[in-house]
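Work through the exercises below with the sequence and model open. Try each task before reading its solution.

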Amino acid sequence: MARQVTWIIGGIPPEVKENQVVRSRLSRHHYLFYSDGMRPLRVALLQLFSNGLDIEANLCKGEHYCREARRLGADIALFPEMWSIGYTFPSDLTEWSRLAVSRTGPFVTHFMSLAGELEMAIGLTYLEQWPGAPRNSLTLIDGRGEPVLTYAKVHTLDDDVEAACTPGDGFHVATLSTAVGEVTIGAMICYDREFPESARVLMLKGAELILTPNACRLDDIRINQFQARAFENMVAVAMANYASYGHSIAFSPVVYDDREERLDPLLVEAGAGEGVFLADFDLDSIRAYRSRAKWGNAFRKPAHYGLLTSGLVSEPFIRQAAR
């Protein structure tokens with residue numbers, strides 16, 4: 001039997017206009033409650049303009065939008081890629097060392113304190129201090145203000161400015177405690193999502209939700225690709241992009257109901273401009289679907305995938321910038 005749904009109307013932030021939401025399964029900024037008392041996991045996608053290399057201004061703006069996300073009932077707030085410097089690059093890349101921040105420095109610890117105050121998890125992104133060259137990182141901070149996961153971008157853009165970054169050393173997941181229970185979360189950053197291996201490894205490690213900070217133009221090709229990561233791995237995905245690009249987006253992995261009727265997996269897609277865009281993930285529905293559907297790790301044949309771990313690259317894929 002389908003659960004009865006009750007809509008609880010919430011506030012709409014004044015900086016978010018109706019035409020800034022392209023598509024949404026749910027009425028915006030409403031809570032969805034079920035007759036059994038459960039509500040979904042709410043992820044706030046912070047689609048913002050940055051203040052460039054002004055770290056302090058980005059900190060202040062980020063705090064403002066985290067507070068707005070919490071006011072709207074978010075369990076997790078997610079920043080776009082490398083928020084500390086707004087994914088902005090100085091003309092002299094040697095300046096990166098000066099701009100990088102430590103995991104234990106004031107930028108990160110400020111948001112740790114904020115997460116604890118708000119009792120809301122925060123997916124914070126920043127240029128991280130690292131021996132040799134900085135990393136493009138995300139730290140997931142739980143609602144007690146404790147970091148539970150730090151991930152550094154594995155697929156750096158090695159034919160562009162990110163060649164000056166140290167790539168991450170692997171894909172990781174963590175269990176996040178929220179008001180709706182525990183959820184296993186992984187992360188990938190921007191270009192990572194263009195490689196199917198990224199989401200596949202996270203699924204194999206138990207991820208139920210993949211947070212994806214982004215900093216690039218999103219057209220239909222890339223959006224469809226992102227949706228495919230959710231479908232093929234049966235994981236929820238949520239992406240926060242900069243307001244200059246728009247299209248922050250989230251998908252549920254549930255594409256068929258228990259009668260095999262087609263469902264729309266889109267939860268929200270932002271248009272242009274700044275705002276807090278909300279994606280509500282029904283964890284019970286997602287978990288039930290993962291237990292019955294035939295994708296993910298249900299029928300894989302890994303004994304035949306050996307070439308996937310080979311480092312051999314041949315034409316036409318040889319690139320001088322690759323490392």
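A nonpolar core is a set of buried Ala, Val, Leu, Ile, Met, Phe, Trp, Tyr and Cys residues joined through side-chain atoms within 4.5 Å. Buried means under 20% relative accessible area, exposed over 50%, and partly exposed in between (1.4 Å probe, protein chains only). This is a predicted model: local features need pLDDT of at least 70, side-chain atom pairs count only at pLDDT 80 or more, and totals for chains, interfaces and linings use all residues. Residues are numbered from 1 along each chain as its sequence is written, and side-chain values use heavy atoms, with hydrogens and water left out.

**Exercise 1. Map the largest nonpolar core and the contacts of Leu-45.**

Step 1. Count the members. The largest nonpolar core has 55 residues.

Step 2. Pick out the residues with the most contacts inside this core. They are Leu-41, Val-43, Leu-45, Ile-76, Leu-209, Leu-211 and Phe-281.

Step 3. Find the main contributor. Strand 12 (residues 236-240) gives the largest share of this core, 5 residues. Strands (E, at least two residues) and helices (H or I, at least four) are DSSP runs, numbered from the N terminus.

Step 4. List the contacts of Leu-45, where contact means heavy atoms within 4.5 Å. Leaving aside neighbours within four places in sequence, Leu-45 meets partners including Leu-78, Ala-238, Met-239, Ala-240, Val-268 and Phe-277.

Step 5. Look for another core. One of 37 residues lies apart from the largest, and its members include Ile-85, Leu-99, Val-101 and Ile-122.

Background: nonpolar side chains tend to be buried together in soluble globular proteins.

**Exercise 2. Place Leu-202 and Ser-84 in the fold.**

Step 1. Leu-202 belongs to helix 4. Its relative accessibility is 0%, so Leu-202 counts as buried.

Step 2. Check a pair distant in sequence. Val-173 is 29 residues from Leu-202 along the chain, and their C-alpha atoms are 6.8 Å apart. Val-173 is also among the residues that Leu-202 touches, as are Phe-171, Gly-186 and Ile-210, not counting residues up to four places away in sequence.

Step 3. Turn to Ser-84, in the loop between strand 5 (76-78) and helix 2 (96-99). Ser-84 is buried, because its relative accessible area is 0%.

Step 4. Leaving aside neighbours within four places in sequence, Ser-84 is in contact with Gly-52, Ile-55, Asn-58, Phe-107, Thr-125, Tyr-126 and Leu-127.

**Exercise 3. Trace the salt bridges of Glu-194 and Arg-229.**

Step 1. Apply the cut-off: a side-chain nitrogen of Lys or Arg within 4 Å of a carboxyl oxygen of Asp or Glu. The whole structure has 19 salt bridges.

Step 2. Start at Glu-194. Its side chain meets that of Arg-193 at 3.3 Å, N to O. Glu-194 is partly exposed at 23% relative accessibility, whereas Arg-193 is buried at 0%.

Step 3. Add Arg-222. Its closest N and O atoms with Glu-194 are 2.9 Å apart. Arg-222 lies in helix 5 (residues 220-233) and Glu-194 in the loop between strand 10 (181-187) and helix 4 (196-204), so this pair ties together parts 28 residues apart in sequence.

Step 4. Move to Arg-229. Arg-229 and Glu-232 form a salt bridge, with closest N and O atoms 2.8 Å apart. The two are separated by about one helical turn because they sit 3 residues apart in helix 5.

Step 5. Find a network. Salt bridges with shared partners join Glu-63, Arg-67 and Glu-117.

Definitions and conventions
Contact means heavy atoms within 4.5 Å.
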